[in-house]
Amino acid sequence: MLSLYAAEHSQHAPGIEFWNGRAEPTVEVPARVEAILKGLKNAGLADPQPVTSVDPAEIGTLLAHIHTRAYLDYLPEAYERWVESGGDVNGVMPFISPGKSMQGIPQSGLARPGLFAFDMGALIKPGTAHAAYNAALTAFHAAQAVAQGQRAAYALCRPPGHHAGANFYGGYCYLNNAALAVETLRSTPGYHFERLAVLDIDVHHGNGTQDIFYGSREVLTVSLHMDPAHEYPFFAGYREERGLGAGEGYNINYPLPFGIQDANYLAALKDALDEIANFNPAALVVALGVDTYRSDPIGKFALSLAAYPKIGKEIARLSRPTVFVQEGGYDLNCLGDLVSGVLVGFENNL
Ligand code: SP5
Ligand code: ZN
């Protein structure tokens, strides 16, 4: 399978995140990419290719379909404006955000992060915007390859993307790579793939992707994740969230219990894939988080190593052109085997 990555990911190394009111070492580290690359090679998957830049206008137009202009303008200048205004050189972190009735738009670089950040888990440092752009580029190239006829492609995106919404970032995510893959498929000239689906199997709810396509009946979004009543992102991911207006019925959430094991998880996945099959999309984007593994440091599911090829097999049974986009997964010892497990399970069942 065509696999792509961007070496520039290493320019993003946030180091810490805030959780429970404390600064802690983050699990979203550059070594994740090395671990995944090693796993792909060990599994004999085709050598991962570094992505090359495209005309910024090309990807810029696509990004503007999924993120607001205000947010896209903010991200690359956030660090500089923060430091200019007296913010800590270690990175941009909101310390004030508007209450529900507060509508003013501040110019201060200290306050602006509060307009866009929804948590304190996504520090912005000097290399962050560039790394996020290159992760998006990776998803773009993978989707373009599928639009041009490849059966499947894998984008090793870092930083991940599924928590980034139209005008917000957080949860280690800045640009929504999976949503960009959707827009790339939809915008390819001559490519008449109107209906597309996103299957999000990261252990956390894909709140950003849900936000972006919430009003759309052309993109079905389906997410399997830890029950948000008790886990991150807490404020979205409930079963009742089914889409809005024309998009009503085209967002499906599967909150699942802590400690879920292979059999019950795979049963829920089959349900989800049945819904996707009914929708009959022309192509599928998989937001591939592997933080569902039992020894993941932040996920609370209990899947075994053997579950991952089975997940790949189930996805293959849908028989759609498929773009895999990397999301979370933080157990550095197993990360490569988990990701390659899904991809090999998929390929072996085409
Ligand atoms: C893409 C993705 O998987 N984002 C997950 C964001 C979850 N953020 C909350 C994680 C809490 C981590 N707390 C322990 C930090 C390790 N010291
Ligand atoms: Zn996750």
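This passage describes the zinc site and the internal cavities of a predicted model.

The zinc ion (ligand 2) is bound by protein donors from Asp 202, His 204 and Asp 291. Asp 202 appears twice in the donor list, each time through OD, while His 204 contributes ND1 and Asp 291 contributes OD. These donors lie 2.0 to 2.7 Å from the ion. Along the sequence, the spacing of the donor residues follows the pattern D-x1-H-x86-D. Both Asp 202 and His 204 are buried.

Two cavities of 30 Å³ or more were found when the whole structure was searched. The volume of the largest is about 60 Å³. Its lining includes Asp 200, His 205 and Gly 206, and also Thr 221, Val 222 and Ser 223. At least two lining residues come from each of β6 (196-200), α7 (207-213), β7 (219-226) and β8 (251-256). Strand β7 provides the largest share, with three residues. By class, the lining of the largest cavity comprises eight polar residues, two nonpolar residues and one charged residue.

The second largest cavity encloses about 40 Å³. Tyr 74, Glu 77, Ala 78, Arg 81, Gly 109, Arg 112 and Pro 113 form its lining. Helix α3 (residues 69-84) supplies four of the residues, the largest share for this cavity. Three residues of the lining of the second largest cavity are charged, three are nonpolar and one is polar.

Terms used:
Residues are numbered from 1 along each chain as its sequence is written. Chains are lettered from A and ligands numbered from 1 in the order in which they are written. This is a predicted model: local features need pLDDT of at least 70, side-chain atom pairs count only at pLDDT 80 or more; totals for chains, interfaces and linings use all residues. Side-chain values use heavy atoms; hydrogens and water are left out. Donors are N, O and S atoms within 2.8 Å of the metal (3.2 Å for Na, K and Ca); water is not among the atoms, so sites may look incomplete. Buried means under 20% relative accessible area, exposed over 50%, partly exposed in between (1.4 Å probe, protein chains only). On a 1 Å grid over the protein atoms alone, a cavity is a set of points where a 1.4 Å probe fits but cannot get out, and a pocket is an open set with protein on both sides within 12 Å along at least five of seven lines; lining residues have an atom within 4 Å of a point. Grid points are joined across faces, edges and corners, and a volume is the space filled by probe spheres set on the points. Ala, Val, Leu, Ile, Met, Phe, Trp, Tyr, Cys and Pro count as nonpolar, Asp, Glu, Lys and Arg as charged, and the others, Gly among them, as polar.
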